[in-house]
Amino acid sequence: RFLDNRLFATCSDDTTIALWDLRKLNTKVCTLHGHTSWVKNIEYDTNTRLLVTSGFDGNVIIWDTNRCTEDGCPHRKFFHTRFLMRMRLTPDCSKMLISTSSGYLLILHDLDLNKSLEVGSYPILRARRTTSSSDITSSGSSGPRAVGSPCHQSNSGPLSEKTLSRPSQREGGSPRNSLEVLTPEVPGERDRGNCITSLQLHPKGWATLLRCSSNTDDQEWTCVYEFQEGAPVRPVSPRCSLRLTHCIEEANVGRGYIKELCFSPDGRMISSPHGFGIRLLGFDAHCSELVDCLPREASPLREIRSLYSHNDVVLTTKFSPTHCQIASGCLSGRVSLYQPKF
């Protein structure tokens, strides 16, 4: 993750984060210690100039890179949740999304990274399943199967009703760092739990892209959820900020491995690992903008092109931010580059 035009950060399964300078790549600027398990995400808040990382220890940690020394830089634990898989900031850094292996999607609204969140110190909007727009006004529960509450609470089930009585809302909106807990709807998974293994955001902040697998690991889905802005429908109702708009079933190859998918830089296409290759998916056959083809009910993603060049299961794919080029990487370590022609 680049912090500016020369300084960037990398994360590692050795529990550390490293800062690098493009002008001197033979040595690290410094190594950051704070996580106790594999570090899987790096985000950067351009407003506060704070580095944000998350790992399999369940911690989201804030780093003040403006005060770095050779020995590291000041840091503090911002948030903790069980079963954490991925963490992302929206492009405007107003929200933080966290996915978990127990099927929960957490959204921190009106994000304030300068305030650490201890258990019970943030307003919680009731856990519920995201469904079609017609279900938003209904009162719901947390979903089909509670593997465990995503946050460390005294109760063993999903977040309880009593947690709703938190500090009063600021005039005109929710209080800072309001936590919304969702169990996103996945096709075919109404009666079974699921694991959200991969989480990406639309480059314009319109939607979130999830890769989900069933608890029995026999199905995988790529799903797109539109952000629905605004206050809750009723004061006692959950906010329900996401609505499933598009989805497609994926090839169930390489069970147990996480497949990282991505949006194209303009947000019109999705590149998704599919067996020993990748699929390019669109919201319609013409690769239209998401806002121009929002369905009333969830619709299938359209397969635009399939690209295969690997001899092992593909685990990651990424569009170039500046060129008509796509990269894919497989389990055996090979990286392929494509320049699709349509």
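**View 1. Met96 and the residues around it.** Skip the residues within four places in sequence, and Met96 in this predicted model is in contact with Val52, Val60, Phe78, Met87, Arg88, Leu89, Leu106, Ile107, Leu108, Leu111 and Leu113. Beyond Met96 there is a wider nonpolar core to look at. That core, the largest one, has 19 residues, and those touching the most other members are Val52, Val60, Phe78, Phe79, Met96, Ile98 and Leu113. Which elements give two or more residues to this core? They are β5 (50-55), β6 (59-63), β7 (75-80), β8 (84-89), β9 (96-100), β10 (105-109) and β12 (178-184). With three residues, β8 supplies the largest share. There is also a second core, separate from this one, with 17 residues, including Leu105, Trp221, Cys223 and Leu244.

**View 2. Strand β8 and its partner β9.** Is β8 largely enclosed or not? Six of its six residues are buried, so the rest of the structure largely encloses β8. Its pairing with β9 is antiparallel and runs over five bridges. To get your bearings, find Leu84, which sits opposite Thr100 of β9. Six residues lie between the two strands of this hairpin, and Cys93 there takes a positive phi near 60°. In general, strands of a sheet pair through backbone hydrogen bonds, in either a parallel or an antiparallel way.

**View 3. The largest pocket.** How much space lies in the largest pocket? The figure is about 1200 Å³. Its lining is made up of 35 residues, and Arg1, Glu43, Arg88, Gln200 and Lys318 are the ones nearest the centre. Two or more lining residues come from each of β1 (7-11), β4 (39-45), β8, β13 (194-201), β17 (262-263) and β22 (314-319). Sorted by type, the lining has 20 nonpolar, eight polar and seven charged residues. Two names here should ring a bell: Arg88 lies among the residues nearest the pocket centre, and Arg88 is also one of the contacts of Met96.

**View 4. A four-stranded open sheet.** Follow the strands across and you get β17-β18-β19-β21, with antiparallel pairing. At the edges are β17 and β21 (302-308), each of which pairs on one side only. Zoom in on β19 (residues 277-282), and you'll find that β19 and β21 pair in the antiparallel sense over six bridges. A handy landmark is Leu281, which stands opposite Glu303 of β21. As a rule, side chains in a regular strand alternate between the two faces of the sheet.

**View 5. Leu315 in strand β22.** Leu315 has its place in strand β22. Is Leu315 buried or exposed? Its relative accessibility is 16%, so Leu315 counts as buried, the cut-off being under 20%. Apart from neighbours within four places in sequence, Leu315 is in contact with Tyr257, Ile258, Lys259, Glu260, Pro273, Gly329, Cys330 and Leu331. Take Lys259 from that list: Leu315 and Lys259 are 56 residues apart along the chain, while their C-alpha atoms are separated by 4.4 Å.

**View 6. Zooming back out to the chain.** Don't go hunting for helices: the chain has zero of them, and 24 strands. Of its 342 residues, 54% count as buried. What about contacts between residues at least 6 apart in sequence? Among these, 55% join residues at least 24 apart.

Note on methods
Residues numbered from 1 in each chain as written. Predicted model: local features only at pLDDT ≥ 70, side-chain atom pairs only at ≥ 80, totals over all residues. Heavy atoms only, no water. Core = buried A, V, L, I, M, F, W, Y, C linked by side-chain atoms within 4.5 Å. Buried < 20%, exposed > 50% of the residue type's maximum accessible area, 1.4 Å probe, protein only. Contact = heavy atoms within 4.5 Å. 1 Å grid on protein atoms, 1.4 Å probe; cavity = no way out; pocket = protein on both sides within 12 Å on 5 of 7 lines; lining within 4 Å. Points joined across faces, edges and corners; volume = space filled by probe spheres on them. Nonpolar A, V, L, I, M, F, W, Y, C, P; charged D, E, K, R; others polar. Pairing = 2+ DSSP bridges.
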